[in-house]
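Have a look at the chain below and turn it around on your screen for a minute. Some notes on selected spots follow it.

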Amino acid sequence: RMAAAPPSYCFVAFPPCSKDGLVVFGKNSARPRDEVQEVVYFAAAEHDPGSKVECTYIEIEQVPRTHAVVLSRPSWLWGAEMGANEHGVCVANEAVLTREPASESEALLGMDLVRLGLERGATAKEALDVIVALLEEHGQGGNYYEDGSSCHTFQSAFLIVDRNEAWILETSGKYWAAEKITEGVKCICNQLSLTTKIDAEHPELRNYVKSQGWWNGDSDFNFSEVFSLADGHLACCSGRESLEKQGGDVSAQAMIDVLRDKDSGVCVDSESFLTTASIVSVLPQDPSFPCIHYFTGTPDPSRSIFKPFIFVDDVKLVPKVQSPSFGNDDPAKKIPRFQEKPDRRHELYKAHEWARSLLENDQDKGQKLMRIMLDLEKQGLEAMEDILSRTEILDPAEVVDLFYDCVDTELKFFK
């Protein structure tokens, strides 16, 4: 049983640590090695009064309007590991263990809350409010993995970012605390990190922990100390130093380099876990510039290409990074769940498997391919830098096919 929480890493860098008035966000999603992640876009939508939304395990009330979102998600579930919405809000989720065992009964997954926060929140603070209200109403619980033989449950932490601020939200059951960040570099990983600087919290949080005998009310209230397992609280962030060393120059490229770093442990490639997908987002503090979101859509960022996506109306859908849909026949939707595992690989994932075997079996060819790929990525990054340094407003027609074309070009190289 994979008892440990998967060691994902999320980062945010604000000016003055980051470049040119940009907020830079990044996450590596560490998940079971064979799990497929897809990149999916959902347009903004109006919903009829009284309509419901079917999340991974439970159905909840829908809201009148949902924002457009782009998500990187394990393709068997409804929610997402990470993503962004049309208002420049980014959310990433971390599975954490606390001294309270996470519930096995099916409720909202932390990953469902990522998507719900993005669909319903136009700022980081709104997304935070959405997530904690839903936590209060529905609770969190259910299997984090597509595994019919055992139930893996975790509590959740979130990094919620917009153009102006970020919130670190950490939860245990329905109880939570959050810290607001507006400068410097922050990292969260698979353990609690909030200490005594708490800017918002569940109204009953302190009474609850006193009633459990976890805090006497006399000492400073330290969230991680109160909620962590006895040995669980360590300084987690190996990638933070490399970002801080950039000295005011954290860019999309610097964030990508940190996410690719295997030596620091940020890029996970272990017996149980692999970085199955990655995201980097660049959010200009000046709202006249567009936010740019780079997705890999494939495992191991050190062998993957970060491809840019910009929200515009009628953005072109990219079926080649979407997993096949099994509808109501999906073993994840039938009870008992996960009795079989369908083949969820999308076209880009399959092409990557081929490239990986090439890298492993024919080093010269593999390295040549990798150089071509990185060159392709660099062209994308430079084109995006150009968009962010222009004076004229971006013409949506210019980027409506952006992500589609990048995926297409990548596939052509593999062919």
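What follows is a walk through some single residues, a helix pair, a pocket and a few unusual backbone spots.

First, the housekeeping. This is a predicted model, in which local features need pLDDT of at least 70 and side-chain atom pairs count only at pLDDT 80 or more, while totals for chains, interfaces and linings use all residues. Residues are numbered from 1 along each chain as its sequence is written, and side-chain values use heavy atoms, with hydrogens and water left out.

**The loop before helix 7**

Start with Val315, which sits in the loop between strand 18 (307-309) and helix 7 (347-361). Helices (H or I, at least four residues) and strands (E, at least two) are DSSP runs, numbered from the N terminus. Val315 has a relative accessible area of 10%, so it is buried. Buried means under 20% relative accessible area, exposed means over 50%, and partly exposed is in between (1.4 Å probe, protein chains only). Leaving out neighbours within four places in sequence, Val315 is in contact with Tyr41, Phe309, Ile310 and Val400; contact means heavy atoms within 4.5 Å. Val399 is 84 residues away from Val315 along the chain, yet their C-alpha atoms are separated by 7.9 Å.

Two backbone oddities turn up in this loop too. Pro336 lies in the loop between strand 18 and helix 7, and a cis peptide bond joins Ile335 to Pro336, with omega about -10 degrees. Phe338 is in the loop between strand 18 and helix 7 as well, and its phi is positive, near 60 degrees, although Phe338 is a residue other than glycine. Is Phe338 buried or exposed? With a relative accessible area of 8%, Phe338 is buried.

**Backbone oddities elsewhere**

Another cis peptide bond runs from Pro15 to Pro16, with omega near 5 degrees. Pro16 belongs to the loop between strand 1 (9-13) and strand 2 (22-32). Asp300, not a glycine, has a positive phi of about 60 degrees. You'll find Asp300 in the loop between strand 17 (292-295) and strand 18, and it is buried because its relative accessible area is 0%.

**Helices**

How do helix 7 and helix 10 (residues 402-414) cross? Their axes come within 10 Å and cross at roughly 35 degrees. Here axes are lines fitted to C-alpha atoms, for helices over the stretch in contact, and angles run from 0 to 180 degrees between N-to-C directions. The crossing of helix 7 and helix 10 is left-handed, meaning that the near helix is turned anticlockwise from the far one by less than a right angle. On the helix 7 side, Glu347, Leu348, Ala351, His352, Trp354 and Ala355 meet Glu410, Leu411 and Phe414 of helix 10. By class, this contact has six nonpolar, one polar and two charged residues. Ala, Val, Leu, Ile, Met, Phe, Trp, Tyr, Cys and Pro count as nonpolar, Asp, Glu, Lys and Arg as charged, and the others, Gly among them, as polar.

Helix 6 (residues 252-259) is mostly covered, with six of its eight residues buried. Those buried residues are Ala252, Ala254, Met255, Ile256, Val258 and Leu259.

**Three more residues**

The table gives C-alpha separations for three residues from other parts of the chain.

| Residue | Partner | Apart in sequence | C-alpha distance |
|---|---|---|---|
| Tyr175 | Pro101 | 74 residues | 13 Å |
| Glu201 | Leu169 | 32 residues | 9.1 Å |
| Val130 | Leu113 | 17 residues | 8.5 Å |

Tyr175 is in strand 13 (residues 175-181) and counts as buried at 13% relative accessibility. Not counting residues up to four places away in sequence, Tyr175 touches Glu170, His202, Glu204, Leu205 and Tyr208. Glu201, in strand 15 (residues 200-201), is partly exposed at 26%. Val130 lies in helix 2 (residues 124-138) and is buried at 16%.

**The largest pocket**

The largest pocket has a volume of about 430 Å³, the volume being the space filled by probe spheres set on grid points that are joined across faces, edges and corners. A pocket is an open set of points on a 1 Å grid over the protein atoms alone, where a 1.4 Å probe fits, with protein on both sides within 12 Å along at least five of seven lines; lining residues have an atom within 4 Å of a point. The largest pocket is lined by 23 residues, and Arg73, Ser75, Trp76, Leu77 and Lys333 lie nearest its centre. Its lining has 10 nonpolar, six polar and seven charged residues.
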